Amino acid sequence: MNANGSTVPALSLQAVRKVYAMGDSEVVALDDVSLDVAPGEIVALVGPSGSGKTTLCSIAGAILSPTSGRVVVAGTDITGYSPKQLTAVRRDLVGFVFQSVNLVPFLTARENLLVVDEIGRRTGAAAKARADQLLGELGLADRARNLPAQLSGGQRQRVAIGRALMNEPKLVLFDEPTSALDSKLGMAVMELIQQEMKARGTAAIVVTHDERITRFCDRSVHMDDGRITQS
Amino acid sequence: MMLALRELRRRPGRFSAAGLILILIALLLMFLGGLLDGLLRSSTGAVRALDGDLVVYTASAEDSFLRSRIEPAQRQAIEAVDGVDTSAGIGVAQLGARRTDRGPRDLLDVVVFGAEAPPKGLDAIPADGEAVADSSLREQGVSEGTVLLIGPARSELTVVGFVDDTQYLGQAALWTTPASWREILQTNRPDQQLGADVFQSLVVRVADGASATDVAAAIDAATGGATATLTVEAAANGLPGVESQRTTFNQIIGVTVGIAVVVVALFFALLTVERAALYGVLKAVGARSGTLFGGLVLQALVLSAVACVVAGAAALALDAAIPPGSIPLRITGARLGQSSVFLLVAAIIGCAFSLRRLLRVDPASAIGSGS
């Protein structure tokens with residue numbers, strides 16, 4: 001049970017397989033992967049390049065559909081969803097923090113958070129209040145009007161975390177969140193992620209190469225050749 | 001949508017090149033349209049000013065005053081047609097005019113209209129030997145009291161007033177009595193002289209409640225097919241050169257709109273390629289392709305609207321700066337509006353070429369990308 005009292009897994013992958021066609025041959029990116037992430041649980045997804053971490057993350061985040069298997073996000077079975085339905089799932093249930101941060105360069109920190117509302121629910125004043133609250137919690141209240149170019153790497157990453165939390169997601173996917181930061185800043189960001197996820201009871205999957213950051217996670221899942229080798 | 005507007009506001013430099021080109025295209029559209037309107041106005045003004053509903057030519061005249069002859073017997077038959085309220089005879093004589101205070105080679109191009117009824121804008125036809133002139137002659141130094149010597153026989157017509165917008169094929173009209181017109185025709189164009197009470201054409205006013213097209217058909221039937229009756233608008237459009245002017249300019253305007261489509265398509269296609277990573281991220285966080293395309297269209301529309309406003313102001317300034325009578329430019333609100341609509345439609349069509357590229361942006365590109 002998480003802080004919100006929910007017992008429904010934030011993510012449940014059951015025998016998921018993903019195969020890409022490459023000319024006449026096929027590449028198996030995920031092979032019979034099953035994974036449950038409980039509400040509020042932080043899972044580190046560790047493995048070498050090409051091990052299938054990104055594909056797993058994309059399927060968990062409703063960006064890709066599996067070739068076979070079942071995907072359930074926050075109790076919603078999205079296995080056979082159309083691209084349009086998957087877009088709605090990403091908008092309503094999932095948050096993303098990307099490796100290269102990818103903030104909109106001509107928007108202020110606050111506006112980058114409000115983008116999520118603009119393309120989604122359009123709650124107006126409520127979204128503005130939530131953006132201000134998140135910026136305050138992330139220690140960015142005095143930077144709300146700054147453009148990304150006026151922020152440090154760590155501040156930009158915190159804005160990206162705020163953006164991922166704007167839609168009150170059940171699951172946040174962090175794609176190498178510390179790879180662009182120095183070691184000290186990377187640890188500080190992971191500490192922040194841990195605090196924020198736990199405080200909200202939001203589940204998270206943190207994709208990483210860096211074994212050092214697994215200590216901020218509840219458990220680590222190792223992948224190799226499209227399979228989970230250790231959980 | 002706010003995203004698109006904010007980008008326009010905060011990164012105006014990014015759109016400046018396309019904006020400048022669109023301003024020039026909008027100005028060209030407005031200038032071409034203004035030239036067409038000016039040319040049509042100077043060609044058709046006198047016919048549009050005829051105070052009636054129908055113009056009757058003889059069938060063999062091919063809608064030309066010069067070749068048409070309406071005999072008194074035909075006129076009687078026409079006036080007897082149900083739905084004909086009044087008819088007024090009209091005749092023209094295209095001649096050069098000299099001013100008494102200028103040299104013999106300093107000719108003014110004029111058309112003498114002998115009319116039984118005054119054109120719109122005039123209460124009455126002046127007395128014999130007098131004429132009301134089209135106001136474009138003012139720019140050539142003609143004023144009230146000026147005596148014009150018409151044609152090689154130098155028939156005298158004294159200008160006693162002016163009326164607006166009555167040019168005929170680029171020449172200024174002189175509105176006078178049928179008697180003066182007949183005398184001018186007889187002395188200057190003996191080959192074209194007409195018998196008494198013969199006019200080149202009739203201007204017919206239809207009775208209240210009658211359909212102009214039905215009455216036109218009835219007139220042609222009553223004369224046994226000897227006449228060709230047109231509405232005043234059709235008569236104006238049927239003047240020599242008018243349709244070819246309109247077609248030529250409309251084709252040039254069409255090509256210009258096509259260029260606008262290409263400019264917008266290229267610019268926003270490049271912008272879409274440049275923004276592919278950003279679109280990938282926005283799609284990953286739940287943006288629909290339709291929302292992103294809507295933003296693109298909005299930017300194109302705002303850019304085009306700004307271009308239209310700037311070009312419209314420039315066109316009006318140009319119109320004010322060009323000396324009257326030098327080129328037939330006529331800038332109207334309707335033409336500015338029409339040109340703006342053309343450009344806005346071109347912007348939407350141009351954007352549509354980016355839709356496929358935008359749809360192909362994969363949200364998965366945002367994941368696992370360090371670039």
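In this predicted model, I205(A) offers a way into the interior: leaving aside its neighbours within four places in sequence, I205(A) is in contact with V37(A), V43(A), L45(A), C57(A), A60(A), L173(A) and F174(A). Both I205(A) and L45(A) belong to the largest nonpolar core, a set of 110 residues, and they are among the members that touch the most other members, together with L171(A), V206(A), A26(B) and L343(B). There is also a second, separate core, which has 58 residues and includes V81(B), I90(B), Y168(B) and A216(B). In soluble globular proteins, nonpolar side chains tend to be buried together.

From the core one can turn to the sheet of chain A, in which six strands are arranged in the order 6-7-8-3-9-10 as an open sheet with mixed pairing. Its edges are strand 6 (94-97) and strand 10 (227-230) of chain A, each of which pairs on one side only, and neighbouring strands are turned against each other by 25 degrees on average, direction ignored. Helix 5 (residues 153-165) of chain A packs on this sheet, where it touches strand 6 and strand 7 (171-175) of chain A, and its direction makes about 170 degrees with that of strand 6 of chain A. Elsewhere in chain A, strand 3 (residues 42-46) and strand 9 (residues 219-224) pair in the parallel sense over four bridges, with V46(A) standing opposite H222(A) in strand 9 of chain A.

Between the chains, 23 residues of chain A are in contact with 23 residues of chain B. On the side of chain A that touches chain B, helix 1 (53-60), helix 2 (83-92) and helix 3 (109-118) of chain A are the elements that give two or more residues, and the residues of that side divide into 11 nonpolar, eight polar and four charged.

How values were computed
Residues are numbered from 1 along each chain as its sequence is written. Chains are lettered from A and ligands numbered from 1 in the order in which they are written. This is a predicted model: local features need pLDDT of at least 70, side-chain atom pairs count only at pLDDT 80 or more; totals for chains, interfaces and linings use all residues. A nonpolar core is a set of buried Ala, Val, Leu, Ile, Met, Phe, Trp, Tyr and Cys residues joined through C-beta atoms within 7 Å. A residue is buried if 20 or more other C-beta atoms lie within 10 Å of its own, exposed if 12 or fewer, and partly exposed in between; C-beta atoms are placed from the backbone. Two residues are in contact if their C-beta atoms, placed from the backbone, lie within 7 Å. Ala, Val, Leu, Ile, Met, Phe, Trp, Tyr, Cys and Pro count as nonpolar, Asp, Glu, Lys and Arg as charged, and the others, Gly among them, as polar. Two strands pair if DSSP finds at least two bridges between them. Axes are lines fitted to C-alpha atoms, for helices over the stretch in contact, and angles run from 0 to 180 degrees between N-to-C directions.
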